[in-house]
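Visitor: Could you take me through this structure slowly, and tell me the reasons behind the words you use?

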Amino acid sequence: MPKSKRNRQVTLSKTKKKGRDHKETIVNGIKDAVEKYGCVYVFSFENMRNQKFKEFREQLKSSSRFFLGSNKVMQVALGRSASDEIRPGLHKVSKLLRGDSGMFFTNLSKEEVERLFKEFEEYDFARTGSIATEKVDLKEGPLEQFTHEMEPFLRKQGMPVRLNKGVVELVSDFVVCDEGKPLSPEAARILRLMGIKMATFRLNLICRWSPDEFELYIDGPDESDIECS
């Protein structure tokens with residue numbers, strides 16, 4: 001009887017080697033990008049949407065390259081201090097790789113990069129745990145935007161509804177979400193059904209490095225703070 005694939009053993013040494021090789025590929029890719037491109041930017045992102053980001057990356061692939069992943073791995077590639085940085089000043093870039101962030105290597109002009117990132121914006125439906133940007137409440141009465149087939153599903157989301165002559169009806173006022181509070185799974189589903197988009201995918205520039213210049217785009221640490229941190 002053939003052995004089940006489900007019971008096949010995988011040695012830890014193999015998985016560790018694959019992880020190490022992947023990290024080395026990222027480190028080498030970043031080192032190559034430092035030599036190939038004239039500038040590097042650190043950016044942060046909010047409400048990442050993979051497909052939209054993929055399209056943006058594809059749009060710029062002839063002149064630029066993005067890196068997203070482990071901040072620690074990217075920091076190692078650049079150098080974490082003045083003593084181990086691969087080019088003068090890159091340890092400042094390394095120290096700004098925090099949280100949801102990435103790097104953008106490019107030969108585009110500073111003005112073009114700033115325009116592209118400023119204009120980049122994608123509205124989408126918020127996911128569970130996202131913070132509601134507004135209060136959404138529904139008043140008692142008919143909900144004509146929903147078909148009668150949806151009544152059981154709406155009830156499962158906690159909405160006090162019933163069918164009245166084939167029309168979905170709210171039997172009492174109902175608050176879907178409150179501004180400033182995290183969305184529950186049920187609230188996220190209801191907002192999607194209502195067509196209300198509360199998430200905005202943005203890319204925010206944090207700093208810019210070139211062989212001749214280092215520039216901060218954010219309020220906060222100045223260059224002396226970055227040197228000492």
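**Reasons behind the words**

Guide: Let us begin with Tyr41, which has a relative accessibility of 0% and therefore counts as buried, and keep in mind that this is a predicted model.

Visitor: What makes Phe104 buried?

Guide: The relative accessible area of Phe104 is 0%, and because buried means under 20%, Phe104 is called buried.

Visitor: Why is the pair of Tyr41 and Phe104 called tilted?

Guide: The structure holds 12 aromatic pairs. In the pair of Tyr41 and Phe104 the ring centres are 6.2 Å apart, with the planes at 45 degrees; rings pair if their centres lie within 6.5 Å, and planes that are neither under 30 degrees nor over 60 degrees apart count as tilted, so this pair is tilted. Tyr41 belongs to strand β1 and Phe104 to strand β3, 63 residues apart, and the pair links these distant parts of the chain.

Visitor: What makes the pair of Phe120 and Phe201 edge-to-face?

Guide: Between the planes of Phe120 and Phe201 the angle is 90 degrees, and the distance is 5.1 Å centre to centre; because an angle over 60 degrees counts as edge-to-face, the pair of Phe120 and Phe201 takes that name. Phe120 lies in the loop between α5 and β4 and Phe201 in strand β10, so the pair ties together parts that are 81 residues apart in sequence.

Visitor: How do you know that the side chains of Thr106 and Ser64 make a polar contact?

Guide: The distance given for this contact between Thr106 and Ser64 is 2.7 Å, and the cut-off for a polar contact is within 3.5 Å.

Notes. Residues are numbered from 1 along each chain as its sequence is written. This is a predicted model: local features need pLDDT of at least 70, side-chain atom pairs count only at pLDDT 80 or more; totals for chains, interfaces and linings use all residues. Side-chain values use heavy atoms; hydrogens and water are left out. A polar contact is a pair of N or O atoms within 3.5 Å; within protein, one must be able to donate a hydrogen and the other to accept it, and residues adjacent in sequence count only if both atoms are side-chain atoms. Rings of Phe, Tyr and Trp (its six-membered ring) pair if their centres lie within 6.5 Å; planes under 30 degrees apart count as stacked, over 60 as edge-to-face and the rest as tilted. Helices (H or I, at least four residues) and strands (E, at least two) are DSSP runs, numbered from the N terminus. Buried means under 20% relative accessible area, exposed over 50%, partly exposed in between (1.4 Å probe, protein chains only).
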